[in-house]
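Trainee: Could you take me through one part of this model in some detail? I would like to see how the sheet and the elements around it fit together.

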Amino acid sequence: MRQSTAAGGATLATMRAVVVTRPGGLEALEIKEIPVPVRKPGWVRIRVKAFGVNESEVTTRKGESDAEVTYPRVPGIEGVGVVDEADADSELRPGQQVATMMGGMGRSYDGAYAQYVTVPAAQVIPFEAGLPWEIVGALPEMFQTAYGSLTTGLDLKAGQTLLIRGGTSTVGLSTAMIAKDLGATVLSTTRSPERAGDLRAAGVDHPLVDSGTIADQVRELMPDGVDAVLELVGCSVLADSLRTVRRHGTVCFTGALAGQWTIPDFTPFMIPNGVRLTSCGGQAADLPADVFARQLQAIAAGRLKVPVAKVYQGLDQVRDAQADVELGTTPGKHVVVLGD
């Protein structure tokens, strides 16, 4: 494929992309030659170098997302790469390393399962790093979600105790590492006893086996309750998670790995006296550039470990990546790297 005018002087025509034309199984992920997206004013065109594969993209492929998602659609809610074209008065320049995520990407407009993607400039995080693309490609969505939940959602402080419900998910593992780097004591759950080692490797102080109710286990360790809970499993266990928190502690609802987003016949009196319940949906702004830079430095220095499950080479392996995400047998991020 030819280089863009902004990056190399030739005119772009088409590119390879993974397209979901209609909901379905893995066969619905079709590799097509499609026009390179035309950049709108205020948007940035990025040459994609790597992207993470996420549960939400599996949901999009199956047709189980909300009405925001329309078809045909190029999936991909996150990606890293280099600027191909930006507004002349933008602080972004061709060739600059950038990350992007969320904001309707891969849902209401085409995402990162492609050689090029266009996104609003406000959704772009510039960075400089010598790390491999497969490492940086694992970070945007999970670090943005983790950091936003810990700060906006929970306002976690050094010395506090944090419970992560759904700890072997990519967000759960990255949250544990960031929380430990902040100076917190971390409890985290897994449904599989054999995965306790994965939690300890992420810095978790107290791995817990989740049978559906964990409040008693938590109270044995922290009789007064924990300071904060990150809820990633969802509404099916939310009432139990609320019972693990001290008075004036906070539960942040961020994910629903169990697939349940609502509570039938909910009443606010389900929330224990004095316990706070909040949520964190997350946007690119939840991961400021200076914070992302510090996280990259911490990775380079070995203080943070990136939980990469498997690296896939090229768009031809996207089906394999989504299949492995659905199986869920390997904790960590599944990352697709694109060649030149």
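Mentor: Happy to; we will start with the sheet, move to the helices on it, and then look at one residue and one pocket. Keep in mind that this is a predicted model.

The sheet is open and has six strands, in the order 10-9-8-11-12-13, with parallel pairing. At its edges you will find strand 10 (206-209) and strand 13 (276-279), each of which pairs on one side only. From one strand to the next, the twist averages 20°. As general background, strands of a sheet pair through backbone hydrogen bonds, either parallel or antiparallel.

Now zoom in on one pair. Strand 8 (residues 161-165) and strand 11 (residues 226-231) run parallel and are joined by four bridges. If you want a landmark there, pick Leu 163, which stands opposite Val 229 in strand 11.

Two helices that pack on the sheet come next. Helix 4 (residues 140-153) touches strand 8, strand 11, strand 12 (245-253) and strand 13. The direction of helix 4 makes about 140° with that of strand 12. Helix 5 (residues 170-182) also packs on the sheet, where it touches strand 8, strand 9 (185-190) and strand 11. Against strand 8, the direction of helix 5 makes an angle of about 170°.

For a single residue, try Val 237, which belongs to helix 8 (residues 235-242). Val 237 has a relative accessible area of 9%, so it counts as buried, the cut-off being under 20%. Setting aside neighbours within four places in sequence, the contacts of Val 237 are Arg 165, Gly 212 and Glu 231. Val 237 and Ala 258 are 21 residues apart along the chain, and their C-alpha atoms are separated by 9.0 Å.

Finally, helix 4 and helix 5 turn up again at the second largest pocket. Each of them supplies at least two residues of its lining, as does helix 9 (289-301). Helix 9 gives the most, with four residues. The space in this second largest pocket is about 230 Å³. Its lining consists of 15 residues, and those nearest the centre are Tyr 147, Ile 178, Asp 181, Leu 182 and Arg 294. By character, the lining residues divide into eight nonpolar, two polar and five charged.

Terms used:
Residues numbered from 1 in each chain as written. Predicted model: local features only at pLDDT ≥ 70, side-chain atom pairs only at ≥ 80, totals over all residues. Heavy atoms only, no water. Pairing = 2+ DSSP bridges. Axes fitted to C-alpha atoms, helices over the stretch in contact; angles between N-to-C directions. Contact = heavy atoms within 4.5 Å. Buried < 20%, exposed > 50% of the residue type's maximum accessible area, 1.4 Å probe, protein only. 1 Å grid on protein atoms, 1.4 Å probe; cavity = no way out; pocket = protein on both sides within 12 Å on 5 of 7 lines; lining within 4 Å. Points joined across faces, edges and corners; volume = space filled by probe spheres on them. Nonpolar A, V, L, I, M, F, W, Y, C, P; charged D, E, K, R; others polar.
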